[in-house]
Amino acid sequence: MRLELRDVRHVYAAGTPFEVEALRGVSLTVEPGEVFGIVGGTGSGKSTLVRHMNLLLVPAGGEVLVDGVDATTLKKSELRRRVGLVFQFPEAALFAPTVEEDVAFAPRRLGLDEEEVGRRVRESLGLLGVGDLAGRSPFALSGGEKRRVAIAGVLAMGPEVLVLDEPTAGLDPATRGELLDLIRHLREAGVAVVLVSHDLDEVAEVADRVCALHAGRVCAIGTPAEVFYRDPGLAPVTVRVASLLQESRPEIGEPVRFGETVAALRALSGV
Amino acid sequence: MTSLGQFYPVASPVHDLDPRAKIVATAVLVAGLFLIDSTVGLLFVAVALVALVGASRIPVRDFLRLLRPVLFIVVLTVVFQVLFSREGTTVFQWGFLEVQAGGLRLALFLALRILLLVGVAGVLTATTAPVELADGIEDLLSPLKRVRFPAHEVAMMMTIALRFIPTLGEEAEKIRGAQAARGADFSEGGPLRRARSLVPVLVPLTVGAFRRADELAEAMESRGYKGGEGRTRYRELRFRARDALALCITVLVLLIGVLL
Amino acid sequence: MQNLGTGTRHGGSFAVSCEGLTFSYPGFETTALSGITFELRPGEYVGVVGPNGGGKSTLVRLLNGLLRPDSGRVLVSGHDPATEPFEVRKQLGVLFQNPENGLVAPFVEDDVAFGLENLGVPRGEMRERVAQAIRAVGLEGYERREPHTLSGGEKQRVALAGLLAVEPEVLVLDEPTSMLDAAGRREVLEHLEELRSRKTVLHVTHHLEELLNADRILVLNRGELVADVSPERLLSDPDILRENRLILPVVPRLARALGFGANLKRPEELADAILTRAESGTRSR
């Protein structure tokens, strides 16, 4: 599925003295099966933006298009099945008596029969590596486990695009690495992933394309190299190191991922 | 919108008054309204109230919005009295419906009183920040500490509630959004269905609130909190001449109203 | 075993000392902490790292008396938090992980005053100390702001101001930046950096890059103190890192992959080292 936002505008508290323009004409496209990173500081509009992707928020201007069709003409439940949105700190919304029940919530809402629901629950829990927690109470789990259950709950809908809003916030580095692996796995399975993150190193490792937001506008969009080398002061560490060497050693190119940066640096210093 | 519903943040002499004076004045007025037995008396108080609203620099339109919730009761009362009260000369007749002068007078009286009660309380909440209200209440209740009434604890609870209500509101919004993203629909079906559809919001909200309370308690204890004993207060309530004046004016208005 | 009998206040040999600290949560079979022994000297900046569930948070709560050890002893400036928690809390302040749930009052300045109120400090003095603390964290102008309108970084700074107002000798930071975004993290770390010279700090974190300038790092795993080493030593020991699920920050990781020591901390240092090597390689050809 091709998800396109065309000149999307959003205003909070319109018409009141507290009116705030959160998005001022954002355009971007998420191609099928790609990992699309969205970066930007607090107040850049990242979270507001992704809530438009499943029409939890309706644009004040511009459009949201799913495969070229205006998303507002689609049935909401259908749209939200195809575009799965995982909020920041999603474990705050766990509510069922068991993990199984919680993950089953979304598939059941889709009207699937119990057998299919069960299959999806098992599959999503397995994908997140928490299959053995199925019978436990979600409230008795550790932070990392809860996070995984919450993500499984959205994956169980079988979305074509999975939008993750700061999925690694508050997690220890080891668990963070595991979630990045999940993102890579999803890409291989043909699921597009929109990754909103303030952690540039993370985005650098998995994104195919990146969009940088600032004050409700897109200030850069393209491949990670294109976006990050534009302003190496605010870039992943790999880019910062490489860009420090570019002037004297232009042959270093524009590596972004850890692996390619090591290779470029090795070639350079004759290691 | 940061403040709790009714507080209207603007600078005015009424806003500046000590919250204790305002709370006591409100209590006195509310009780006193039941002592006034003439419509003229109520009208006098109404005029004074209008003057008070003016002094508090609250736009009339916003103030009237405060009265909206009771409009229904007022109308009901008026209709009831007008149609069913039997006193005085008949003013109007239509079939078996009879409207008498006494009914009209009584209706006006009761309606006025309801509106005044709400109006007076409304001025209090519109001109006093919730935190100040909590301070005022704590201070007024503190003599009760001698009879073991937990005045400090009550005030602490109010302050914490005030602190967290906006936060919990945002949390509720977020959880609602998360469940909607998973296909929850809060607007379908009859009242029973809708109530049940709130479970995926209320359960996490409640659990989260308990966890918050735990963490907050840890933080408070870590910062040396051990109840109200030996505690000083950062905020200061100063009862000044103008507060005494406000109280006197209140009592005066009331007296005149009663005498009229 | 150190002699802990003379860990007296202010000017004593240790700011914080733990001996044989052991604790299990009621109803849980596994021991949360067993036999923890270490000291903090006044003015030291010591990090604490280790996998989740390893005992870091438990340690923090034993230090300020929220929990009492099953055996062993803690002394903070000469006081035992198990028996004199309120004395200890004057000398040891804790900055918790969740910026939201540490703020108790509806306005910033009232929250910063909370600790002083608890101590019964007279109002005049309170006002001065609150103003100072707010200045110390760069939040002048925020006095009447409501907590829910603040960013994560600002909330943590308010919490920090609240601690500083009480003027403790020791600051314990329990993963203070883990719920913040990059900007918030920078803000908070900046102000913590400033405190190094004036306070004794125990900094629990997952982010090794925050501890590159620490004096020492303690590694807690499965309730045991498995290492008490310098940052350089920790960064260059792949076994300790792996066993304790610690991830190297990107610069040291790049450095190691290129055969440099892990003591390179900033991108500039790594770039210089690479250039130097490349140049000497060219020269020697």
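**A walk through three chains**

Let's begin with chain A, which has 10 helices and 10 strands. Its radius of gyration is 20 Å, close to the 18 Å that the globule rule gives for 271 residues, so chain A is as compact as a globular protein of that length. Keep in mind as you look around that this is a predicted model.

To picture the space that chain A takes up, imagine a box drawn along the principal axes: the C-alpha atoms fill roughly 65 × 50 × 35 Å. Inside chain A, buried residues make up 48% of the 271 residues. A residue is called buried here if 20 or more other C-beta atoms lie within 10 Å of its own. You can also ask how far apart in the sequence the touching residues of chain A are. Among contacts with a separation of 6 or more, 64% are between residues 24 or more positions apart.

Now turn to chain B and its contact with chain A. This contact takes 18 residues from chain B and 22 residues from chain A. On the chain B side, helices H7 and H9 each supply at least two residues. H7(B) gives the most to this side, with 8 residues. Sorted by class, the side of chain B that touches chain A has 11 nonpolar, 4 polar and 3 charged residues.

Chain B also touches chain C. Here the contact takes 28 residues from chain B and 33 residues from chain C. Which elements of chain B give two or more residues to this side? They are helix H7, spanning residues 151-181, and helix H9, spanning 199-222. The largest share comes from H9(B), with 8 residues. By class, the side of chain B that touches chain C divides into 9 nonpolar, 7 polar and 12 charged residues.

Our last stop is in chain C, at helix H3, which runs over residues 108-118. How many of the residues of this helix are buried? The count is 11 of 11, so to speak a full house. Among the buried residues of H3(C) are C:Val108, C:Phe114 and C:Leu116, along with the charged-sounding names C:Glu109, C:Asp110 and C:Asp111. What covers the buried residues of H3(C) includes two other helices of chain C, H4 (123-136) and H5 (152-165). Follow the chain to just after H3(C) and you meet C:Gly120, which takes a positive phi of about 75°.

Definitions and conventions. Residues are numbered from 1 along each chain as its sequence is written. Chains are lettered from A and ligands numbered from 1 in the order in which they are written. This is a predicted model: local features need pLDDT of at least 70, side-chain atom pairs count only at pLDDT 80 or more; totals for chains, interfaces and linings use all residues. Two residues are in contact if their C-beta atoms, placed from the backbone, lie within 7 Å. Helices (H or I, at least four residues) and strands (E, at least two) are DSSP runs, numbered from the N terminus. Ala, Val, Leu, Ile, Met, Phe, Trp, Tyr, Cys and Pro count as nonpolar, Asp, Glu, Lys and Arg as charged, and the others, Gly among them, as polar. A residue is buried if 20 or more other C-beta atoms lie within 10 Å of its own, exposed if 12 or fewer, and partly exposed in between; C-beta atoms are placed from the backbone. The radius of gyration is taken over C-alpha atoms; the globule rule is 2.2 Å times the number of residues to the power 0.38.
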